[in-house]
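Please open the model in your viewer and keep the selection tool at hand, since this tour moves from one selection to the next.

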Amino acid sequence: QAIHLLSKMWRVTVAMRLLWISLALTAPACQGVRTSCSVSLEGKYTGDFDFVCDTTVPWLHSDGVSWAPATPPSGTGCHEYVFLKGQMPDCIVGSSCAACAQATGEEVHVERIMGGSCDAC
C-alpha cells in the first residue's frame, strides 16, 4: 500500500510540475519575458558526492546515479543546488523533497542558478 501511495504522489507531483511549466511557457511568453529554463546538473561537479538538493525550492535532483535537470521557476530568485555527502533523504529524484530545505550532510559543492533564466547568480 505504501508503494501505491508513493506512486500516486509521484504522478500528482509530476502532473503539477508539468502544468506549472505549461502555464509558465504560455502566459507571459507573449510579453517577451523568460519564465522557465532547464539546465543539466550532471557533470557540474566531478568530485565525490552522494546526492544533490535544491535548497531554495526543496527538490531532490540526484541520488548520485539518476538525475533531474534544474528547472528553477521565474520569480523564485537564486536557487542553490547543493551537492552533498552523507545520508540521502527519503525522497524520489525529480520530485519535491521537504528534507532538502535543510539538507544534512557535508556540503561539497554549490551551483547557483537564477530562477526563470538559468543565469549564474
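The tour below begins with the sheet, moves on to one of its strands, and ends with a group of aromatic rings.

Bear in mind throughout that this is a predicted model.

**The sheet**

Begin by colouring the strands, and you will find an open sheet of five, in the order β4-β2-β1-β3-β5, with antiparallel pairing. At the edges stand β4 (95–96) and β5 (106–114), and because each has a single partner strand, one side of each is left without a neighbour in the sheet. Strands of a sheet pair through backbone hydrogen bonds, either parallel or antiparallel.

**Strand β1 and its partners**

Next, select residues 51–54, which make up strand β1. On one side of this strand lie F51 and C53, on the other V52 and D54, and all four are buried, which leaves both faces of β1 covered. In a regular strand the side chains alternate between the two faces of the sheet.

Keep β1 in view and add strand β3 (residues 78–85), which pairs with β1 in the antiparallel sense over four bridges. Then add strand β2 (residues 59–62), which runs antiparallel to β1 and is joined to β1 by three bridges; these two strands form a hairpin, with four residues between them. Which residues are the bridge partners of V52 in β3 and in β2? In β3 the partner of V52 is F83, and in β2 the partner of V52 is S62.

From β2, continue outward to β4, which is antiparallel to β2 and joined to β2 by two bridges. Selecting W59 here shows S96 of β4 standing opposite.

**The aromatic rings**

Now display the aromatic side chains, among which the structure holds five aromatic pairs. Select Y45 and F49 first: their ring centres are 6.2 Å apart and their planes meet at 55 degrees, so this pair is tilted. Y45 counts as partly exposed, at 22% relative accessibility, whereas F49 is buried, with a relative accessible area of 14%.

Add W67 to the selection, and a pair with F49 appears in which the ring centres lie 5.8 Å apart with the planes at 65 degrees, so the arrangement is edge-to-face. This pair links distant parts of the chain, since F49 sits in the loop between α1 (2–26) and β1, while W67, 18 residues apart from F49, sits in the loop between β2 and β3. W67 counts as partly exposed, at 25% relative accessibility.

Finally, select Y45, F49, W67 and F83 together, which ring pairs link into a cluster; F83 is the residue met earlier as the bridge partner of V52 in β3.

Definitions and conventions:
Residues are numbered from 1 along each chain as its sequence is written. This is a predicted model: local features need pLDDT of at least 70, side-chain atom pairs count only at pLDDT 80 or more; totals for chains, interfaces and linings use all residues. Side-chain values use heavy atoms; hydrogens and water are left out. Buried means under 20% relative accessible area, exposed over 50%, partly exposed in between (1.4 Å probe, protein chains only). Two strands pair if DSSP finds at least two bridges between them. Rings of Phe, Tyr and Trp (its six-membered ring) pair if their centres lie within 6.5 Å; planes under 30 degrees apart count as stacked, over 60 as edge-to-face and the rest as tilted.
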